[in-house]
Amino acid sequence: MKKLLIVIVIAIAVAAGIYFYKGGSATVAAKDNSVLAYVPADTVLFTGSVTPISFEEAMAMSHKLGLDPSTYMDLQDDSFELGPDSVDAARIGLGLYAKYMQSFADESTVKTFGITEAPNAAFYTAGAVPVMRIELDGTDTFAKLIEQIETEQNVTAEVKNMDGVEFREYAFSNDPSVPYSLVISSHDNQAVMTVNTPLTDDKDIKVALSKPAKSIVETGRLTNMMSEHGYLGHSLFFIDNLAIMQGLTNPQANSFGVMVNDLLIANGVEGALADMQTPACASEFTALTANWPTMSGGYTEFSASEANFKFMLEGGNADLLDSLQGLRGHLSENLNNDDYVMSFGLGFDMDQMVPVITDVWQRLTETPYECPPLAEMQAGLKQQNPMMLGMMTGMVAGIKGIGFGIVEMDMAGLEQASTNPMAVADSMQMIVTVSAQKPQDLLMTLSSFAPQFAQMDIKDGGDAVSLQDQMGMPASVALRGHDLVMLIGADALSQLPSIKSNKDITSNGLFSMSMNFGKYMELMSSMMNEMGETSEVAQDQKAMFDKLKEVDGTIKGTLDITDEGVVSETSFKAK
């Protein structure tokens, strides 16, 4: 079977090309997008494009970034086979996957599947049924491909018709009493994959294959997301948390709730959600979810060498967001170095930790809940006293953030650590930062546990002071503005001239990470060598790392709380 890591890498490669390409004008306007015309206005989940771009251009950009999926084909098993008892749905799925992977060898994906030059696809829900839909090129290539896979996999489809639309079914189980099946259809110049359920076909298949009375385009939801959050139209994503909760607590609230309720009845578990569907629970669960109504994501910028993806849990309570922003700490720029193998920073204002948690605790405990599950949760919270955190945070008062970075690391040297402890210091350079309002006070606190620290004369901007005696290995500490910096490793002091004085301690986030992609993959490759693993999987992983270390670029990520909500951003920049 296929190796999961290889599959993930190939997916990244394709995504990189698709999203890093900078096309000119939009290929398809939302109102003219034939796929979006089939997406219901009240879908609770969506991922797809408003403006798809050329597959050829996307793959060209993947090559430029060093992520060429065709180079990974030799890491795949030669056979795409399942056992003799495998279900038909799995055989068809595997057959499609095999054709998809093999098409990369000569970059014939578009022709192999009969899709448009600018692949236009969407994954969404129709009621509670998942649907995958992709625009075809006007030929019968896709239909013939499915028939070819059926022959190769020795599968006979059950062919049915719904209102003039033909579809093919493949069982998910060899047990006839399990009424779920994979459905594939090609109609209106689009390929569709969905699931048939125990419901009558006019309640699920008809909904999945037909145009809705009102499409998502008519709501303006996607274009509003682009406008409000700066998303580009090449890839959009959202999960409607509020609509899902409304459907679960009130089955008649939307089409999602109606179908979930029908499916529970059809599967003999009617009333399984009764505890959530009392008037009190419906009201209180919905009110809580309204604080975080939607998860969404999309690319906010891209070019021939750079892209930024934004993912967010959108906030619906301005007062709560304002309170939570008190947690934000300081992420030092001294860890933001593209030449480091990798680094990460954690920003928390320790002086605000107790006030913020207390505020959230009060919000959850002061308003009485009538809904039993929420009342039970509230009773448990009332037994906890957030002020106890004050005892734990008192020792680290004034700290705004910490950071850690691997400047260089030699795995070969580290392997000798068991027989030669000093090999660790000789084989790596690391940097640790502690950002604080008054970093000198931290040294005084530390000296109460280790008196030798009280004797250290550390001056802002001065030379680094050795910690060799305290740590038993080459290490030193220096003060640069609000940053207390520790350098670890025999050659680590060579980094001191590049360490900046941190004069600004303002809050700027919760988390950050940076990775030199090539150096990190080289480290992973060296680690695999030193481990001496000879299994096929280990060798394939090493081969993958060897290829990926050729990529010259950096990956950076951040996590923050803003007026919009909880926001994560990830960027890739090719050098």
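Is Cys 281 buried or exposed? Keep that in mind as you look through these close-ups of a predicted model.

**View 1. A disulfide joins Cys 281 to Cys 371.** Here the two sulfur atoms are 1.9 Å apart. A search of the whole structure turns up one disulfide, so this view shows a feature you will not meet again elsewhere in the model. The link is right-handed, with 90 degrees about the S-S bond. It ties together distant parts of the chain, as the two cysteines are 90 residues apart. Cys 281 belongs to helix α11 (residues 279-289), while Cys 371 sits in the loop between α13 (350-366) and α14 (372-382).

**View 2. Both ends of the disulfide can be checked for burial.** Cys 281 is buried, because its relative accessibility is 0% and the cut-off for buried is under 20%. Cys 371 also has a relative accessible area of 0%, so Cys 371 counts as buried too.

**View 3. The second largest pocket has a volume of about 430 Å³.** In total, 22 residues line this pocket. To find its centre, look for Asn 336, Ser 512, Met 513, Lys 556 and Thr 558, the lining residues closest to that point.

**View 4. Strands contribute to the lining of the second largest pocket.** At least two lining residues come from each of β10 (306-314), β17 (511-516), β18 (553-561) and β19 (565-574). Strand β19 gives the largest share, with five residues. Sorted by class, the lining holds 12 polar, six charged and four nonpolar residues.

How values were computed:
Residues are numbered from 1 along each chain as its sequence is written. This is a predicted model: local features need pLDDT of at least 70, side-chain atom pairs count only at pLDDT 80 or more; totals for chains, interfaces and linings use all residues. Side-chain values use heavy atoms; hydrogens and water are left out. On a 1 Å grid over the protein atoms alone, a cavity is a set of points where a 1.4 Å probe fits but cannot get out, and a pocket is an open set with protein on both sides within 12 Å along at least five of seven lines; lining residues have an atom within 4 Å of a point. Grid points are joined across faces, edges and corners, and a volume is the space filled by probe spheres set on the points. Helices (H or I, at least four residues) and strands (E, at least two) are DSSP runs, numbered from the N terminus. Ala, Val, Leu, Ile, Met, Phe, Trp, Tyr, Cys and Pro count as nonpolar, Asp, Glu, Lys and Arg as charged, and the others, Gly among them, as polar. A disulfide is a pair of cysteine sulfur atoms within 2.5 Å. Buried means under 20% relative accessible area, exposed over 50%, partly exposed in between (1.4 Å probe, protein chains only).
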